[in-house]
Amino acid sequence: MKVLVPIKRVIDYNVKVRVKADGSGVDLANVKMSMNPFDEIAIEEAVRLREAGKVDEVIAVSIGVNNSQEVLRTALAMGADRAILVVAADDVHDDIEPLAVAKILKAIVDAETPGLVLCGKQAIDNDMNATGQMLAALLGWSQATFASEVDLDGDSAVVTREVDGGLQTIKVNLPTIVTVDLRLNEPRYASLPNIMKAKKKPMDAKTAADYRVDVTPRLTILKTTEPAARKAGIIVGSVNDLVAKLKEAGAV
């Protein structure tokens, strides 16, 4: 069985994001980019499933600019068997919307026929949290979101989900879409030998036009602003003073 893992190139989570002076978007000049952390967890889980003998092949897919091949090479170094790069934008500031990504992924799924698609639950740049669910709807497949544990059992997947009330364990029929959460695993570091081996692994280059998908944006960003600066706190002398201050602020 094949596992397909979509991954996205985003601003590295350690980087402090800066907004452009004109408010038109985020400044990406000379900014370190890396694989979306949730997608990194998905790659790790897919590789673990292959190492356990439960799947045969791990395919990494990235949709975006040509530079996305960097994160695909990282996925290959982590253990993915091959990669598919879909160039759908020329400008790094152009973010492909979830519906367009889901349509491209559907076309890839139709061609590759995987039994499982492992997605990060969301990308840390736009926090849409929609691609996996849209892909499941387009394919008519079962889905399990926010997974903190995944196991394959015959023609089913047993998934433990993180919900508001705690944990929920469900069983879904394969093929299925699973979106993963932070507590699923700890991704491995790509070793230097594996990085060198990754350069020889196959990476197919495609375009959105190859899949006949229109990636024209349906949303227009009107303005981007930084979060408001946090106000300075105050020091109180006692619990009574604290309660009085909270009452003044309307917090109690």
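Q: Before we look at Arg188, what do buried, exposed and partly exposed stand for?
A: Buried means under 20% relative accessible area, exposed means over 50%, and partly exposed covers what lies in between. In this predicted model, Arg188 has 27% relative accessibility and therefore counts as partly exposed.

Q: What does the side chain of Arg188 meet in a salt bridge?
A: Side chains of opposite charge can pair when their charged atoms come close. Here the partner of Arg188 is Glu44, with a distance of 2.7 Å from N to O. Arg188 sits in the loop between β10 (176-180) and α5, whereas Glu44 belongs to helix α1 (residues 37-51), so the pair ties together parts that are 144 residues apart in sequence. Glu44 has a relative accessible area of 2% and is therefore buried.

Q: How many salt bridges does a search of the whole structure find, and which residues are linked in a network?
A: The search of the whole structure finds 17 salt bridges, and a network of them links Lys2, Glu57, Arg82 and Glu112. Within this network, the side chains of Arg82 and Glu112 meet at 2.6 Å, N to O. Because Arg82 lies in strand β5 (residues 82-87) and Glu112 in helix α3 (residues 98-112), the pair ties together parts that are 30 residues apart in sequence. Arg82 counts as buried at 16% relative accessibility, and Glu112 counts as buried at 13%.

Q: Is Lys171, which meets Asp153 in a salt bridge, buried or exposed?
A: Lys171 counts as exposed, at 55% relative accessibility, while Asp153 is partly exposed, with a relative accessible area of 41%. Their side chains meet at 3.6 Å, N to O. Lys171 lies in strand β9 (residues 166-173) and Asp153 in strand β7 (residues 142-153), so the salt bridge ties together parts that are 18 residues apart in sequence.

Q: Turning to the interior, which residues have the most contacts inside the largest nonpolar core?
A: In soluble globular proteins, nonpolar side chains tend to be buried together. The largest nonpolar core in this model has 35 residues, and those with the most contacts inside it are Val5, Ile7, Ile43, Leu118 and Val178. A second, separate core of 27 residues includes Ile59, Ile96, Ile108 and Tyr211. Returning to Ile43, and leaving aside its neighbours within four places in sequence, one finds Ile43 in contact with Val5, Ile7, Met35, Ala60, Ala75 and Met78.

Q: Where on the surface is there a nonpolar patch, and which residues form it?
A: Leu192, Ile195 and Met196 form a nonpolar patch on the surface, and together they have about 290 Å² of accessible area. Met196 is found in helix α5 (residues 192-198), and, at 45% relative accessibility, Met196 counts as partly exposed.

Q: What should one read from the backbone at Asn129 and Arg212?
A: Asn129 has a positive phi of about 55 degrees although it is not a glycine, and Arg212 likewise has a positive phi of about 55 degrees without being a glycine. Asn129 lies in the loop between β6 (116-120) and α4 (131-139), where, at 26% relative accessibility, it counts as partly exposed. Arg212 lies in the loop between β11 (203-207) and α6 (239-248), and, with a relative accessible area of 79%, Arg212 is exposed.

Q: Is the peptide bond from Leu174 to Pro175 cis or trans?
A: The bond from Leu174 to Pro175 is cis, with omega near 0 degrees, and Pro175 lies in the loop between β9 and β10.

Conventions
Residues are numbered from 1 along each chain as its sequence is written. This is a predicted model: local features need pLDDT of at least 70, side-chain atom pairs count only at pLDDT 80 or more; totals for chains, interfaces and linings use all residues. Side-chain values use heavy atoms; hydrogens and water are left out. Patches are made of residues with over 30% relative accessible area and no salt bridge: like charges are joined within 9 Å, nonpolar side chains (Val, Leu, Ile, Met, Phe, Trp, Tyr) within 5 Å. Accessible areas come from the Shrake-Rupley method with a 1.4 Å probe; for residues, only the protein chains shown count as cover. A salt bridge is a side-chain nitrogen of Lys or Arg within 4 Å of a carboxyl oxygen of Asp or Glu. Helices (H or I, at least four residues) and strands (E, at least two) are DSSP runs, numbered from the N terminus. Buried means under 20% relative accessible area, exposed over 50%, partly exposed in between (1.4 Å probe, protein chains only). A nonpolar core is a set of buried Ala, Val, Leu, Ile, Met, Phe, Trp, Tyr and Cys residues joined through side-chain atoms within 4.5 Å. Contact means heavy atoms within 4.5 Å.
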